[in-house]
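Open the model in your viewer and set it to a cartoon display. The stops below go one selection at a time.

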Amino acid sequence: NELIISIKEKGETFLNGNETDSEELKKLLKKSSQLPNKPFVLVVADENVPLKFVTEGVDLCRLNDLEDFRLQSR
């Protein structure tokens, strides 16, 4: 019951290892938020990733009521 959002330096986004775009990620997070047991979300980004990309990932979690998330830097 965990989702891992990985963000690369140029903003490429992956969900559980599969590349995704912003719109698809929004849809998947919305579906996940409707599950009886909302998943834990880990947002992983390299230290060189611009903050705006990390913030976008966090905002998508919050907008979809996925409040149980953590940030991890590599």
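**Starting at a strand pair**

Select Ser6 and look across to β4: the bridge partner of Ser6 there is Val44. Keep in mind throughout that this is a predicted model. Now step back one position to Ile5, whose bridge partner in β4 is Val43. Both pairs belong to the pairing of strand β1 (residues 2-7) with β4, which runs in the parallel sense over 6 bridges.

**The other side of β4**

Keep Val43 selected and add Leu71, its bridge partner in β5. Strand β5 covers residues 69-73, and β4 pairs with β5 in the parallel sense over 5 bridges.

Next select residues 40-45, which make up β4. How many residues of this strand are buried? The count is 5 of the 6, so β4 is largely enclosed by the rest of the structure. Buried here means under 20% relative accessible area. If you show side chains, remember that in a regular strand they alternate between the two faces of the sheet.

**The whole sheet**

Select the strands together. They form an open sheet of 5 strands in the order β3-β2-β1-β4-β5, and the pairing is mixed. At the edges are β3 (18-20) and β5, each of which pairs on one side only. Going from one strand to the next, the twist averages 25 degrees.

**The helices on the sheet**

Add helix α1, residues 22-33. Helix α1 packs on the sheet and touches β1, β2 (13-15) and β3. The direction of α1 makes about 160 degrees with that of β1.

Then add helix α2, residues 51-63. This helix also packs on the sheet, where it touches β1, β4 and β5, and its direction makes about 165 degrees with that of β5. Trace the chain from β4 through α2 to β5: these three elements make a right-handed β-α-β unit.

**Helix against helix**

Hide the strands and keep α1 and α2. Which way do the two helices run relative to each other, roughly parallel or roughly antiparallel? They pack at an angle of about 30 degrees, with their axes 9 Å apart. Angles under 35 degrees count as roughly parallel, and α1 and α2 are therefore roughly parallel to each other. Their crossing is right-handed. To see the contact, show side chains for Ser22, Leu25, Lys26 and Leu29 of α1, together with Glu56, Leu60 and Cys61 of α2.

Note on methods
Residues numbered from 1 in each chain as written. Predicted model: local features only at pLDDT ≥ 70, side-chain atom pairs only at ≥ 80, totals over all residues. Heavy atoms only, no water. Buried < 20%, exposed > 50% of the residue type's maximum accessible area, 1.4 Å probe, protein only. Helix = DSSP H or I, 4+ residues; strand = E, 2+ residues; numbered from the N terminus. Pairing = 2+ DSSP bridges. Right-handed = clockwise from strand over helix to strand, strands pointing away. Axes fitted to C-alpha atoms, helices over the stretch in contact; angles between N-to-C directions. Parallel < 35°, antiparallel > 145°, perpendicular 65-115°, else oblique. Left-handed = near helix turned anticlockwise from the far one by under 90°. Contact = heavy atoms within 4.5 Å.
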